[in-house]
Amino acid sequence: MQDRQKQRRGGVLIVDEAGMISSRQMSNLLQLAEKQSCRIIFSGDTKQIQSVEAGDALRILEKESRMKTVSLTKERRQTSAAYREAVHLLRNNPSEGFSKLEKMGAIHEVTEENRARTSADFFSHYKAKKLNPLVVCATHEEIGRVTEAIRQKLKATGELAADHQTTIDVPMNWTTAQKADVSRLRPGQILGFHRAAKGIARNEAVEVIKAEKGRAVVRNEQGETRVITGKQAKSFDVYERKPIEIASGDKLLLTANRRTKDFQATNGEIVTVSKIDSHNRIHLQDGRILPKDFRQFAYGYAVTAHRSQGKTVDAVIISGDNMRKELFYVAASRGRENLAVITSDKERLRETIGLSTARQSASELAR
C-alpha cells in the first residue's frame, strides 16, 4: 500500500461519487494528498446519497471552503425531454418532479401484495423490448420479494435453467469499532480478510469458532486455527454464510472487490451467469469464472438506491412506498429511456421524497 501511494507522488487523484465520502475518509485523503504532493479532483453530486459514516464532507467543502466548483447544468442521461425534465425537477423540487412523473404515466399505484409481481411484470416487459432493466427498492425485504417474483417469471418462460445450490457470504456491515470488540463475534460467522493478518492471507475467509474478551479463535478451510484480536479490525469484514440457488441466466451483484492475477472483480458489478460446471464453478457471460473462495455476491435484479448510484440502465423500476429525497432522485435518474414507479401509497411516497437525509455539520449547527 505504501509503495502504491508513493507512485502517485506529484500526480492527480480523481475521486468519483465524491458525495459519499465521510468526514474521516476525507481527512485521511487530504492528509495523503498533502504527504504525496497530489492534486485532487472531486466528481460528485451533493444532492445525491451521502456517506454511511458521519459527515457530508463534499457538501461541507463546497459550502465552507474556497474550493472552486464547476457544475453541469443539463441532464444528459435521459433520452426523452419529458423524462429529462422530471429528473431535473426531482433534484430541486421533488413535489413538482413527482407531478411530472404522474403526467408521464410513470406512477403506478397497486396493492401491497401485488407490488412485487407488478415490478416483475415491468421487468419482463422491458426485457422483451431488448432493454436492460434494473429494479430499485426502498428496503432489503422488498428486494427479496421482487427478486423472487422476477426469478419465478423467468423460470416460467424458460429463461432460467435448473437451480444449483451454493453458499454466499452476506455482509453484516459492522463498523471498525464493532469489529474491534471481537467478543461480539459469534460461532459460525465468517471473517473475510481484505488485508493479510497474522497467519491469514489477503482474500482468505475464516470461520469463527469461539470468541471471548479480547480475542477470537477462527478456523481456515484447511482446519487450522488462528487467534485474532481487535488490532486486526481494519483487516477483515464480518459475514454470515447462507445458502442460495443459482441458475444459468441469473443476474448477480458482486459485493466485494478482488484484484488477483486470475480474477478481477469490482464491488457493485452486475454480471450474468452463463453456466455452472460439474465442479460447481460459476461461469459468467464475460468469460470470467468466480473463484471457489469468492462468495461475495447476491442476486442482481433488484438493488437499494445506494447500490444503484453510479449505474446507468435502459429502464429503471422503483418499488416501494417510502423513500427520502436523495434516494428517490438517485433511483429515478438511473434510466436512459424508461421509468416505472410501483407504489401502494402514492401520496405517502410523494410526502416522503420531500424529506432530505442531509445532515448538519458542526459549524451549521453552531450557526
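Let me begin with Arg336, which is partly exposed, with a relative accessible area of 33%, and I should say at once that what we are looking at is a predicted model. The partner of Arg336 is Asp314, and their side chains meet in a salt bridge with an N to O distance of 2.9 Å. This pair links distant parts of the chain, since Arg336 sits in strand β19 (residues 335-343) and Asp314 in strand β18 (residues 313-319), 22 residues apart. Unlike Arg336, which is partly exposed, Asp314 is buried, because its relative accessible area of 15% falls under the 20% cut-off.

Now to a second pair between strands, Arg219 and Glu207, whose side chains form a salt bridge at 3.9 Å from N to O. Arg219 lies in strand β8 (residues 215-219) and Glu207 in strand β7 (residues 205-212), so this contact ties together parts that are 12 residues apart in sequence. Here Arg219 counts as partly exposed at 35% relative accessibility, and Glu207 is likewise partly exposed, at 31%.

The third pair on my list is Asp163 with Lys155, a salt bridge in which the closest N and O atoms are 2.7 Å apart. As for their surroundings, Asp163 is partly exposed with a relative accessible area of 28%, and Lys155 is partly exposed as well, with 36%.

Which residues are linked in a network of salt bridges? They are Glu102, Lys346, Glu347 and Arg350. To place these examples in context, the count for the model comes to 25 salt bridges, among them the pairs Arg336 with Asp314, Arg219 with Glu207, and Asp163 with Lys155.

Key. Residues are numbered from 1 along each chain as its sequence is written. This is a predicted model: local features need pLDDT of at least 70, side-chain atom pairs count only at pLDDT 80 or more; totals for chains, interfaces and linings use all residues. Side-chain values use heavy atoms; hydrogens and water are left out. A salt bridge is a side-chain nitrogen of Lys or Arg within 4 Å of a carboxyl oxygen of Asp or Glu. Buried means under 20% relative accessible area, exposed over 50%, partly exposed in between (1.4 Å probe, protein chains only). Helices (H or I, at least four residues) and strands (E, at least two) are DSSP runs, numbered from the N terminus.
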